[in-house]
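Could you walk me through this model in my viewer, telling me what to select at each stop and what I will find there?

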Number of protein chains: 2
Amino acid sequence: MRAVQVTEFGGPEVLTVTDLPDPEPQDGQHLLTVTGAGINYADTHQTEDTYLAAQELPFVPGTEVVGHLADGRRVAALAPRAYAEQALVDEHATLEVPDELSDGAALALLVQGATAWHLLRTAAPMRPGETVVVLAAAGGVGNLAVQLAKRWGAGRVIGCASTPDKRALAERLGADVTVDSTVEDLRGAIEEANDGEPVDVVLEMAGGPTFDACYRALAPFGRIALYGMASRTPATPIDPMDQLRTSKTVAGFWLAHVARQPRMLVEALADLFTAAATGEITPVVGGTYPLTQAHQAHEDLLARRTTGKLVLDPRQ
Amino acid sequence: MRAVQVTEFGGPEVLTVTDLPDPEPQDGQHLLTVTGAGINYADTHQTEDTYLAAQELPFVPGTEVVGHLADGRRVAALAPRAYAEQALVDEHATLEVPDELSDGAALALLVQGATAWHLLRTAAPMRPGETVVVLAAAGGVGNLAVQLAKRWGAGRVIGCASTPDKRALAERLGADVTVDSTVEDLRGAIEEANDGEPVDVVLEMAGGPTFDACYRALAPFGRIALYGMASRTPATPIDPMDQLRTSKTVAGFWLAHVARQPRMLVEALADLFTAAATGEITPVVGGTYPLTQAHQAHEDLLARRTTGKLVLDPRQ
């Protein structure tokens, strides 16, 4: 089969297509003929070996697929080695895709959907009426978090994004107010967007000074969930006594821990697929790239040129 | 009226009884004839000015009372300046005490009850089936947390305490297993008490190495709530990226933030009073001290000689 393989760590240029043996299913696995592999920001970390889990060379990147099983069923799943014509999926963590959803829509709901869902349910559980701040609100996780927060009764959803276009998208998807995430005083801007009050829930994936500012914007019993470090700059360590003094909560979230508990994963995906199929939420789909253009997809993603789910189509 | 007043910061010896003018109720306040003031560990911090909120001299210590209103109703409330014959209570944060509850029982459920309740509901919300670890499991907050965790369907409650007597009490109150909190490898002991597995929820009030060990014992999506620093040693600051890598949550909790939202306070107290009146939970009552013996109560508390709620009775 054709697959994208990384034989040395580096930027997008290390993503090249090669021929590899077809993968062989083990117990509990099925072979999937891939019609779309999702492209995630984490994949750019995987490629340069700055990901949370250390990578061993050579490897096929990617973590999520949609495609067909041997029996013809169209399913989606988390799967390693996704940038390929075929992938192995776990039968307990594989979900049928409703006909209403395109490959891109299904992929938009997988890693990013399950992340948004569990951020608001598990990591920093939101309660109806609360103020929810979403960083990168036009991004793959962020735009779904905005929609889910509204669906679950948030009192106010504040979408933070770096450009007017992205903020406009966040508003179209339901953000009550938006904030320019590049301002000097992000904490002040967030509180201003909340009538001068501190906030209840923040979903943050930049790290560094962005995290620090959002932590300071939390109200008592406020929760900030950190699920990425897109700025590649660490946040400032927090003294638990400061949290005691302020009754603040900091939650870390890595989807790998959801993936290890298929029940958690399937619960989120089943709800997301249904909500999208019935039009309650709208997955945002971006461009589709042929397998040979994986490097271009990573370049576009890193340059923040894209909006919506990027899909790699191994049939092209 | 007679009251305990602190005119210089220090140990228990600075607690002396003096005569002060009767307090005058402002709008929304009632004057309470105090029959019991609760003694809390935080009061020892107040006295030595190591409390979260800075104290101004002179002051009357204490934060919780039970007694009678002018109309004869027997009520309990959070109230500053509690170590006195009379105290001012907020009408929105005052709760009638069921006849079944003694003064000591009602006081055991106030600061400590509301803390235990909101630790498990708000700060580190537990879900049925989860493993809950309670530090100082025979203490005022701890013993109620053990009982509430069982009542709310914890899969396993692990009670940590420093002596065999305290561990025996924790077991009588429902702890499934107990751990000696003075062992060298506390993390190992906690995981051993959980069949070698990391744990879901930890309620911690010692700080320092105890907090550090408990944080390490958390499973993915595990939550540790810190609500005190009895060891007077700070915990090690935490890099949010470490939380991301491990999907761990750290929550700080200070009851003052509950007290500022009477709805949160009353919700907890109403449930606790009903549960205690019907025998679902058992408040543990310790000794009663006359007002003149406040210093002795603090000495006994600091020496860890006591078990159960300590009450100061200004009528004695």
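Here is a tour that starts at the contact between the chains and then moves to individual strands, a proline and some salt bridges.

**Stop 1: the interface**

Please keep in mind throughout that this is a predicted model. Colour chain A and chain B separately and select the residues where they touch: 34 come from chain B and 34 from chain A. Between them the two chains bury about 2800 Å², with 70% of that on carbon and sulfur atoms. On the chain B side, pick out B:F221, B:P240 and B:L244, which lose the most area to chain A and together make up 23% of what that side buries.

Now look at how polar groups meet here. Ten residue pairs are in polar contact across the interface, counting pairs with both residues at pLDDT 80 or more, while the number of salt bridges found across it is zero.

Next, show the chain B side as a cartoon. The elements that give two or more residues to it are α3 (111–123), β12 (218–226), α8 (240–246), β13 (249–252) and α9 (255–259) of chain B. Helix α8(B) supplies the largest share, six residues. By residue type, this side of chain B divides into 20 nonpolar, ten polar and four charged.

**Stop 2: strands between and within chains**

Select residues 249–252 in both chains. Strand β13 of chain A pairs with β13(B) in the antiparallel sense, over three bridges. To find one of the partners, click A:A251 and look across to B:T249.

Stay in chain B and move to β12(B). Is this strand enclosed or open? Eight of its nine residues are buried, so β12(B) is largely enclosed by the rest of the structure. Add β11 (residues 199–204) of chain B to the selection: β11 and β12(B) run parallel and are joined by five bridges. Within this pairing, B:V201 has B:R223 as its bridge partner.

**Stop 3: a buried proline**

Centre the view on A:P61, in the loop between α1 (41–47) and β4 (64–68) of chain A. A:P61 is buried, with a relative accessible area of 0%. Setting aside residues up to four places away in sequence, A:P61 touches A:V4, A:V6, A:L15, A:Q46, A:R81, A:A82 and A:Y83. Try a distance label to A:V4: the two C-alpha atoms are separated by 7.1 Å, although these positions lie 57 residues apart along the chain.

**Stop 4: salt bridges**

Side chains of opposite charge can pair when their charged atoms come close. Over all chains the count comes to 34 salt bridges, and a few make good stops.

- Select A:D176 and A:K150, whose side chains meet at 2.9 Å, N to O. The pair links distant parts of the chain, 26 residues apart: A:D176 is in the loop between α5 (164–172) and β10 (177–180), and A:K150 is in helix α4 (residues 140–151). A:D176 is partly exposed at 40% relative accessible area, and A:K150 is partly exposed at 32%.
- Go to B:R167 and B:D180, with closest N and O atoms 3.6 Å apart. B:R167 sits in helix α5 and B:D180 in strand β10 of chain B, 13 residues apart. B:R167 is buried at 16%, whereas B:D180 is partly exposed at 25%.
- Show B:E191 and B:R187, which form a salt bridge at 3.3 Å. They are separated by about one helical turn because they lie four residues apart in helix α6 (residues 186–192) of chain B.
- Finish with A:D71, A:R73 and A:E96, which are linked in a network of salt bridges.

Key:
Residues are numbered from 1 along each chain as its sequence is written. Chains are lettered from A and ligands numbered from 1 in the order in which they are written. Side-chain values use heavy atoms; hydrogens and water are left out. Contact means heavy atoms within 4.5 Å. Buried area is the accessible area (1.4 Å probe) that two parts lose on being put together, summed over both. A salt bridge is a side-chain nitrogen of Lys or Arg within 4 Å of a carboxyl oxygen of Asp or Glu. A polar contact is a pair of N or O atoms within 3.5 Å; within protein, one must be able to donate a hydrogen and the other to accept it, and residues adjacent in sequence count only if both atoms are side-chain atoms. Ala, Val, Leu, Ile, Met, Phe, Trp, Tyr, Cys and Pro count as nonpolar, Asp, Glu, Lys and Arg as charged, and the others, Gly among them, as polar. Two strands pair if DSSP finds at least two bridges between them. Buried means under 20% relative accessible area, exposed over 50%, partly exposed in between (1.4 Å probe, protein chains only).
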